[in-house]
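Ready for a few exercises at the bench-side screen? Open the model, try each task yourself, and then compare your steps with the worked solution.

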Amino acid sequence: MIVVFLGPPGSGKGTQAKLLAKECGYLHISTGDILRKALEQETPIGQKAKKFVLNGELVPDEIMLDLIEEALRPGKVIIDGFPRTINQAIGLENMLSKRNEDVFKAVFFDISAEKVVKRMSGRLICENCGAIYHEEYRPSKTEGICDVCGGKLYKRADDNQELAIKRYKVYQEETFPVVEFYKKSEKLLTLDASKDANSLHNELKRALDGC
Ligand code: AP5
């Protein structure tokens, strides 16, 4: 079963994907995490993607489609942050039909621009295990230190207010049409992403018929 997570930056896709992966054994493919790692390690993909990621723009479709083709595995998979354009959605459909993958759901994290900008500006990430925190909504027990592994927490380079607003605009222009695309094919589940993380996790599990 393939589940794709769609929604504005900062809507909680990564937080929910990690919870679901841990509890229900999904493979979690996060295109943002893969790209940030590629940038850090200065791989060929990282070098091509750098200027887009650091400017809050979308990385070209060909790069993203290759990246997903390589990461996909049989079984229960969450794809978090992809597809983000209609071309990516069509490319994914082609990939899945070649793999005879018949169960597919798209989950839309619906939330206001105001709330996501607040979520992004307070976000902290563990540099070691990638756990996601928020200064106000989900603080770590010890300031600056990850509860899970003791790693150091950092702020993402694209989480400043100016880039958060730009990323939201890119989402509206390029990615919201993907939500409409899945709505037409009746594959879309819409969640109220402004709820607290635990309620949302329970709602998501119910919507996916449990683990
Ligand atoms: P990516 O890393 O995918 O960023 P994004 O979609 O902008 O999503 P975020 O990671 O910002 O947010 P999220 O929804 O996962 O929220 P989170 O759970 O962290 O992409 C980064 C860049 O890579 C893009 O700009 C682009 O350049 C490139 N890229 C990636 N995929 C691409 C693609 N397919 N095509 C082209 N380019 C691509 O939560 C946010 C904060 O809120 C956290 O602090 C969290 O603790 C808090 N929080 C979460 N849930 C709740 C809750 N329910 N209540 C209160 N606080 C909450």
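## Exercise 1: A bridge across the sequence

Lysine 187 and glutamate 93 form a salt bridge through their side chains, with 3.4 Å from N to O. Find out which parts of the chain this pair ties together.

**Solution.** Start by placing both partners: lysine 187 sits in the loop between helix 7 and strand 8 (188–192), while glutamate 93 belongs to helix 5 (residues 86–98). The pair therefore ties together parts that are 94 residues apart in sequence. Next, check accessibility: lysine 187 is partly exposed at 29%, and glutamate 93 is partly exposed at 34%. Keep in mind that you are looking at a predicted model.

## Exercise 2: A bridge within a helix

Work out how the salt bridge between aspartate 33 and arginine 36 sits in helix 2.

**Solution.** First, look at the distance: the two side chains meet at 2.9 Å, N to O. Then count along the helix: the partners are three residues apart in helix 2, so about one helical turn separates them. A general rule helps here: an α-helix has 3.6 residues a turn, so residues three or four places apart point the same way. Finally, aspartate 33 is partly exposed at 34% relative accessibility, and arginine 36 is partly exposed at 22%.

## Exercise 3: A charge without a bridge

Aspartate 61 has no salt bridge. Locate its nearest side chain of opposite charge and list its contacts.

**Solution.** Begin in helix 4 (residues 61–71), where aspartate 61 is found. Aspartate 61 is buried, and the nearest side chain of opposite charge is that of arginine 84, 9.3 Å away. A salt bridge needs the nitrogen and oxygen within 4 Å. Leaving out residues up to four places away in sequence, aspartate 61 touches Thr85, Asn87 and Gln88.

## Exercise 4: One face of a helix

Which residues of helix 6 (residues 113–121) are buried, and where do they lie around the axis?

**Solution.** Val116, Val117, Arg119 and Met120 are buried. Looking down the axis of helix 6, you find these buried residues within an arc of 160 degrees, so they line one face of the helix. Their cover includes strand 5 (123–126), strand 6 (132–134) and helix 7 (161–184).

## Exercise 5: Around the ligand

Identify the closest residues to the ligand and inspect some of its polar partners.

**Solution.** Of the 34 residues that surround the ligand, the closest are Thr15, Glu57, Arg84, Arg123 and Tyr133. Now inspect the ligand's oxygen atoms: one is 2.9 Å from a side-chain N or O atom of lysine 13, and a backbone N or O atom of glycine 14 lies 2.8 Å from a ligand oxygen.

Methods: Residues are numbered from 1 along each chain as its sequence is written. This is a predicted model: local features need pLDDT of at least 70, side-chain atom pairs count only at pLDDT 80 or more; totals for chains, interfaces and linings use all residues. Side-chain values use heavy atoms; hydrogens and water are left out. Buried means under 20% relative accessible area, exposed over 50%, partly exposed in between (1.4 Å probe, protein chains only). Helices (H or I, at least four residues) and strands (E, at least two) are DSSP runs, numbered from the N terminus. The arc is that of the directions from the helix axis to the C-beta atoms. Contact means heavy atoms within 4.5 Å. Lys and Arg count as positive and Asp and Glu as negative; His and the chain ends are not counted. A residue is near a molecule or strand if one of its heavy atoms lies within 4 Å of it. A polar contact is a pair of N or O atoms within 3.5 Å; within protein, one must be able to donate a hydrogen and the other to accept it, and residues adjacent in sequence count only if both atoms are side-chain atoms.
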